[in-house]
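User: Please work through this model with me, taking one point at a time. I should like each answer to set out its reasoning and to end on the value or name requested.

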Amino acid sequence: IVALVILSLLFHLIGSFFLYDFSNDEGEYLINAKNMVLFDQFSLEGIYNTALAPLQTFFHVFIFELFSPSIFIGRYVSIIFTMALLVLFYIFVNKWYGWKIAAFAVFLITVNGIFNRYTTFAIMEAKIYFFAILTLLFCFSTKAWVRRLSFLPFSLCLGFKPTLVYLALPVAYALSIGSLENYKLIPKFSHKTFLDIAIFLVGTILLTGLFFYLAYIINPKDFISWAFREEIIVRIDLYTA
């Protein structure tokens, strides 16, 4: 597994320099962070994609303050998340199926061209994959308090890309199972599972709402314009997601 992760890291680093040309989304979703760091203004060009993916902007403002704005810095961030994602994915699969299947599954991912391409770009995919897998690890935990914190990684996932809202359905189902017994994925309708699901839903709404509310209060005019003209609704439409 260490060798596979190192192989994937090397391939991503080579890809970030030589294999992949720049993508429009890389610039569009980093432009507000760049503007804030260089000009102390989020929406200099009138583009406010922070309204569509607030954590992509907020997180990269912090990163760009440390290292200066750059598409390549954004790509390195994606690569770091990708390496962490592979480790999390291995842990998740190994927990249920053993190390051989887990290692083979990670191998299939590391040689997948689409995965390598999208997780090298300075876009949201590497982050949302990481937090999606982390959400699954939380909701299948044997510890009740960890399952009840599933909304934390899931809210971060939605803060980067609200398209992942549909993951709430299988997560809620997983929480209804409670702790797995004999690997039976059968819902248990009890006060405890209803409480777990309620905490997940309320926590997700409040925390995710906070991210988008911050994007709103920073720039209310452009938020309204971009969030509704540029499609928060379209982005979570089942047919376009």
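User: Just after helix 3, what phi does Asp-40 take?

Analyst: The model is a predicted one. Helix 3 comprises residues 31-39, and Asp-40 comes just after helix 3. The phi of Asp-40 is positive, at about 60°.

User: Against which helices do the buried residues of helix 3 pack?

Analyst: The buried residues of helix 3 are Ile-31, Asn-32, Ala-33, Asn-35 and Val-37. Their packing partners are helix 2 (24-28) and helix 4 (54-67).

User: Is Thr-57 buried or exposed, and which residues does Thr-57 contact beyond its neighbours within four places in sequence?

Analyst: Thr-57 belongs to helix 4. Its relative accessibility is 2%, and buried means under 20%, so Thr-57 counts as buried. Leaving aside neighbours within four places in sequence, its contacts are Tyr-29, Asn-32, Ala-33, Phe-42 and Thr-50.

User: How far apart in space are Thr-57 and Ile-177?

Analyst: In sequence, Thr-57 and Ile-177 are separated by 120 residues. Their separation in space, C-alpha to C-alpha, is 36 Å.

User: Which helix gives the most to the largest nonpolar core?

Analyst: The largest nonpolar core has 63 residues, and those with the most contacts inside it are Tyr-48, Phe-64, Phe-130, Phe-131, Phe-200 and Phe-223. The greatest contribution to this core is 12 residues, and it comes from helix 5 (residues 71-97).

User: Which residues are in contact with Tyr-48, leaving aside its neighbours within four places in sequence?

Analyst: Tyr-48 is among the residues with the most contacts inside the largest nonpolar core. Leaving aside neighbours within four places in sequence, the residues in contact with Tyr-48 are Asn-32, Phe-42, Ser-43, Ala-215, Ile-218, Asn-219, Asp-222, Phe-223 and Trp-226.

User: What is the relative accessible area of Asp-196, and which residues does Asp-196 touch beyond those up to four places away in sequence?

Analyst: Asp-196 sits in helix 12 (residues 191-218). Asp-196 is buried, with a relative accessible area of 0%. Not counting residues up to four places away in sequence, Asp-196 touches Arg-147, Arg-148 and Leu-175.

User: How is Phe-17 classed by its relative accessibility, and which residues does Phe-17 touch beyond those up to four places away in sequence?

Analyst: Phe-17 is part of helix 1 (residues 2-19). Its relative accessibility is 47%, and the partly exposed class lies between 20% and 50%, so Phe-17 counts as partly exposed. Not counting residues up to four places away in sequence, Phe-17 touches Phe-72 and Tyr-76.

User: Why is the chain described as being as compact as a globular protein of its length?

Analyst: The chain has 14 helices and 0 strands. For 241 residues the globule rule gives 18 Å, and the chain is close to this, so it is as compact as a globular protein of that length, with a radius of gyration of 19 Å.

User: What percentage of the contacts between residues at least 6 apart in sequence join residues at least 24 apart?

Analyst: Buried residues account for 47% of the 241 residues. Among contacts between residues at least 6 apart in sequence, the share joining residues at least 24 apart is 70%.

User: How far apart are the mean positions of the positive and negative charges?

Analyst: The chain exposes about 12,500 Å², of which carbon and sulfur atoms supply 72%. The chain carries 16 positive and 14 negative charges. The distance between their mean positions is 15 Å.

Notes: Residues are numbered from 1 along each chain as its sequence is written. This is a predicted model: local features need pLDDT of at least 70, side-chain atom pairs count only at pLDDT 80 or more; totals for chains, interfaces and linings use all residues. Side-chain values use heavy atoms; hydrogens and water are left out. Helices (H or I, at least four residues) and strands (E, at least two) are DSSP runs, numbered from the N terminus. The radius of gyration is taken over C-alpha atoms; the globule rule is 2.2 Å times the number of residues to the power 0.38. Buried means under 20% relative accessible area, exposed over 50%, partly exposed in between (1.4 Å probe, protein chains only). Contact means heavy atoms within 4.5 Å. Accessible areas come from the Shrake-Rupley method with a 1.4 Å probe; for residues, only the protein chains shown count as cover. Lys and Arg count as positive and Asp and Glu as negative; His and the chain ends are not counted. The place of a charge is taken as NZ of Lys, CZ of Arg, CG of Asp or CD of Glu. A nonpolar core is a set of buried Ala, Val, Leu, Ile, Met, Phe, Trp, Tyr and Cys residues joined through side-chain atoms within 4.5 Å.
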